[in-house]
Amino acid sequence: MSGFGRLARAKAGSSLPRAALPCLEWAELEDALLCGVSLGLRVVAYFAAEEPGGAKLYLVLADDAGSEVAIGTTRSPGTEFPSLTPRCPQVHLFEREIAEQYGIRPAGHPWLKPVRFAPALLRRNGALQVTAESLAPGVIDFYRVEGEEVHEVGVGPVHAGVIEPGHFRFQCHGEEVFHLEISLGYQHRGVERALIGGPDRRSVHYLETVAGDTTIGHCTAYCEVLESLGGSQATARGAALRGIALELERLANHVGDLGALAGDVGFLPTASYCGRLRGDFLNLTAEICGSRFGRGLVRPGGAQFDLDEAMVAALQERLDRAFTDSRAAIELLWGAPSVMERFEGTGVVPREVALELGLNGPAARASGLDRDARRDHPSGIFRFHHIPVAIADSGDVFARAFVRWLEIQRSVTFVGELLAALPRGPLWREVASVGGSRVAVSLVEGWRGEICHVALTDAAGRFERYKVIDPSFHNWNAVAYALRGQQISDFPLCNKSFNLSYCGHDL
Amino acid sequence: MFDLLRTRARQGHRTISFPHGEPPELPGRFRGHPIIDQSRCAEGCTQCADACPTGAISSLPVLEVDLGKCLFCAECATACPTGALSYGGDYRLAAGTREDLRVTQEQGVRLARALDAKSRRLFGRSLKFRQVSAGGCNGCESEVNVLSTVVWDLGRFGVQIVASPRHADGLIVTGPVTENMRLALQQTYEAVAPPKLVVAVGACAVAGGPYIDHPEVHNGADAVVPVDLYVPGCPPHPLTILDGLLRLLGRIEASKTER
């Protein structure tokens, strides 16, 4: 029997009893993964979880066409399992993570290096403990190109701008980059380890700060997991407020990114205007909940802050004003030859590469991949209010910028529609306590792309494993790819066009 | 060209007049300095302390909030059955020592004092920082970045964020200082020529934030480098950061220091 057919099917944002998950033989899991991917499904999670009798692997595939996720698990592979990376590149980082977190080796992995330089998670006497010895971050066997006039450039972890730490190692020939290798892990602060045994009073704060610029996105994914584990859902009004906040988060970040891209090519008008406008969008979120990053807004069962009619009218008016100014600032980009010359053809990720690497979010859509969790796996308010998907096809910096601009326009319309038709009723409802021995998966389209959370609960309803997958986890490899054959001086521009999360990757 | 000029005219002048004029209006729901009314506390009640995710509150014998640990999530205010604790609109929170961030009903944050005359002569008109994110979530980093936009225009005070520690007079540290960034932070600090300043921005850099006591982190910047200014908040509002920096430089008059 084929492993793919045995996978348990569920809607994202719902939960299943763990007993409903098929326990696959290795050959079946291999079939499930390879067959699923060949049919156009995506690997959204592939991780290990500690269980009596040894760590087991869990696989979650997203079936965009069928609007479902397919989940399976295996028997404990012991200390080694065959790597599927050579046949399915999108699992390459997942397999490295399994090796790092649980000490299970993906045999035959072509690029088996640390992911976060995290001490392996080990289970001893029923408790997870962190071992003392860990590797020094950034000290790995970097891929090297040798030859006359080939030189190596190392950048980071402390960068020139106000950004998070990461190490970038370039193999260059003159100005041309042959290869870029990215080594992260500097931001590792033990999020997944600390979530085990939850939910508790700190859990939601971990999720709000997994990637602080995606507070709403990650917190919504977390709340959907908790709600589905308790067999309940957010109130309509709460869900609508979450939707508004999610799109405001997208607006602030997309506008900020377009400004930063303008700055990276020395086009100062847009850089300066968008720097201010980003703040105007953040201030809209602050108007709702007091925090520019939406801290405290999204909570299990709904939202924590309501809007009255006067606030709705004021928000709409300020949104319109910020959008009018944004349009003027951003459209300058497309009319400036000096900008377009730098944007077009720079950092190209072709469609087939994007597909193979399993990209998501604006980076995938800029390479022509028609995927967006808001449409493919709608949850919350997105089940009732739809938002068109923005696609471009050139896969370059221009496409990644232009997709953002299209999304800005659509998000403004969407927020306006929701503000005009906020569902009545309670803002929030008590969520039933978390069900024991269940598995829940949520998919939320944050501004960077698809956020995936998977929770496994024990018999008492505590988190036995909580897996967080930020869209950056899939997309960092695309930054490395985009730099191939580019000038090293275009690195900031290429990097910014993805604007991936370090802390969301490092957890 | 005409588009450029037209857009420039429409975008207008955006820099705030603070500190000479009034500070920009903060949202009505902004959570700033706590307001404590201990007379409402029930005998032996610990509900606020029990609700706090980071252990920032001790309710017995005196209700005290350590703003260094506080995430300003207001879970304590929600948990309090008698409304003894709430969060007000006062954005002024930055202090010179960790101890100054412990607040009670009687004693608010003891705001940062200006540097001594010698340091002010050195840094008062030109202060360059290198920013180091050491496990930050990009919340504090973003709010530090915002200070360089036209709205806040940090440059008008001679304060600037520069690309290298060799060009800098100090560091702005964000994040709880992960073990994986400890060495990088230490080396960046050492690369700054003395005398130098360190500003810890955000709950993580002050005391570890949500990650306090994780074995992967060091509970804030002062575990690795000496800190001159602590700016609480998760993340702090840009106005709180700016206010702290200007107090350090002695650019906010004493009359505005009184709480």
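Helices here are DSSP runs of H or I with at least four residues, numbered from the N terminus. By that reckoning, A:H474 sits in helix 15 (residues 471–483) of chain A, a handy place to start our walk through this predicted model.

**A starting point in chain A**

Is A:H474 buried or exposed? With a relative accessibility of 7%, A:H474 counts as buried, since the cut-off for that class is under 20% relative accessible area. Setting aside neighbours within four places in sequence, A:H474 is in contact with eight residues named here: A:V43, A:V44, A:F94, A:L357, A:G358, A:L359, A:N360 and A:I469. For a sense of distance, the C-alpha atom of A:H474 lies 23 Å from that of A:A194, and the two residues are 280 apart along the chain.

**Chain A as a whole**

Stepping back, chain A is built from 17 helices and 18 strands. The C-alpha trace of chain A spans about 70 × 60 × 45 Å along its principal axes. What would a compact globule of 507 residues have as its radius of gyration? The expected value is near 23 Å, and chain A has 22 Å, which agrees. Of the 507 residues in chain A, 65% count as buried. Contacts in chain A also reach along the sequence: among those between residues at least 6 apart, 67% join residues at least 24 apart.

**Salt bridges**

Over all chains, the structure holds 49 salt bridges. Four of them are set side by side here.

| Pair | Closest N to O distance |
|---|---|
| A:R242 and A:E227 | 2.5 Å |
| B:D243 and B:R247 | 2.9 Å |
| A:R374 and A:E247 | 3.0 Å |
| A:D325 and B:R14 | 3.4 Å |

Take the pair of A:R242 and A:E227, whose side chains meet at 2.5 Å. This pair links distant parts of the chain, with A:R242 in helix 7 (residues 236–264) of chain A and A:E227 in helix 6 (residues 215–229) of chain A, 15 residues apart. A:R242 is buried, at a relative accessible area of 5%, and A:E227 is buried too, at 3%.

Helix 7 of chain A returns in another bridge, where the side chains of A:R374 and A:E247 come together at 3.0 Å. Here A:R374 belongs to helix 13 (residues 373–376) of chain A and A:E247 to helix 7 of chain A, with their positions 127 residues apart in the chain. A:R374 counts as buried at 5% relative accessibility, while A:E247 has 0% and is likewise buried.

**An enclosed helix in chain B**

Turning to chain B, how many of the eleven residues of helix 8 (residues 238–248) are buried? Eleven of the eleven are, so helix 8 of chain B is largely enclosed by the rest of the structure. Its buried residues include B:P238, B:I241, B:G244 and B:L248. They pack against strand 6, helix 5, strand 9 (197–201) and strand 10 (229–231) of chain B. Just after helix 8 of chain B comes B:G250, which takes a positive phi of about 70°.

Helix 8 of chain B also carries a salt bridge of its own, between B:D243 and B:R247 at 2.9 Å. These two residues are four apart in the helix, so about one helical turn separates them. Both B:D243 and B:R247 are buried. Elsewhere, salt bridges that share partners join A:E247, A:R250, A:R365, A:D372, A:R374, A:E407 and A:E445 into one network.

**Where the chains meet**

The size of an interface is often given as the accessible area lost when the parts come together. Between chain B and chain A that buried area is about 4,700 Å², with carbon and sulfur atoms giving 54%. The contact draws 58 residues from chain B and 59 residues from chain A.

Four salt bridges cross the interface of chain B and chain A, including the one between A:D325 and B:R14 at 3.4 Å. There are also 30 residue pairs in polar contact across it, both residues being at pLDDT 80 or more. On the side of chain B that touches chain A, helix 1 (2–11), helix 2 (47–51), strand 6 (127–133), helix 5 (139–146) and helix 6 (179–191) of chain B each supply at least two residues. Which helix gives the largest share of that side? Helix 5 of chain B does, with seven residues. By class, the side of chain B that touches chain A has 29 nonpolar, 17 polar and twelve charged residues.

Methods: Residues numbered from 1 in each chain as written. Chains lettered and ligands numbered in written order. Heavy atoms only, no water. Contact = heavy atoms within 4.5 Å. Buried area = accessible area lost by both parts, 1.4 Å probe. Polar contact = N/O pair within 3.5 Å; in protein donor to acceptor, adjacent residues only side chain to side chain. Nonpolar A, V, L, I, M, F, W, Y, C, P; charged D, E, K, R; others polar. Rg over C-alpha atoms; globule rule 2.2 N^0.38 Å. Buried < 20%, exposed > 50% of the residue type's maximum accessible area, 1.4 Å probe, protein only.
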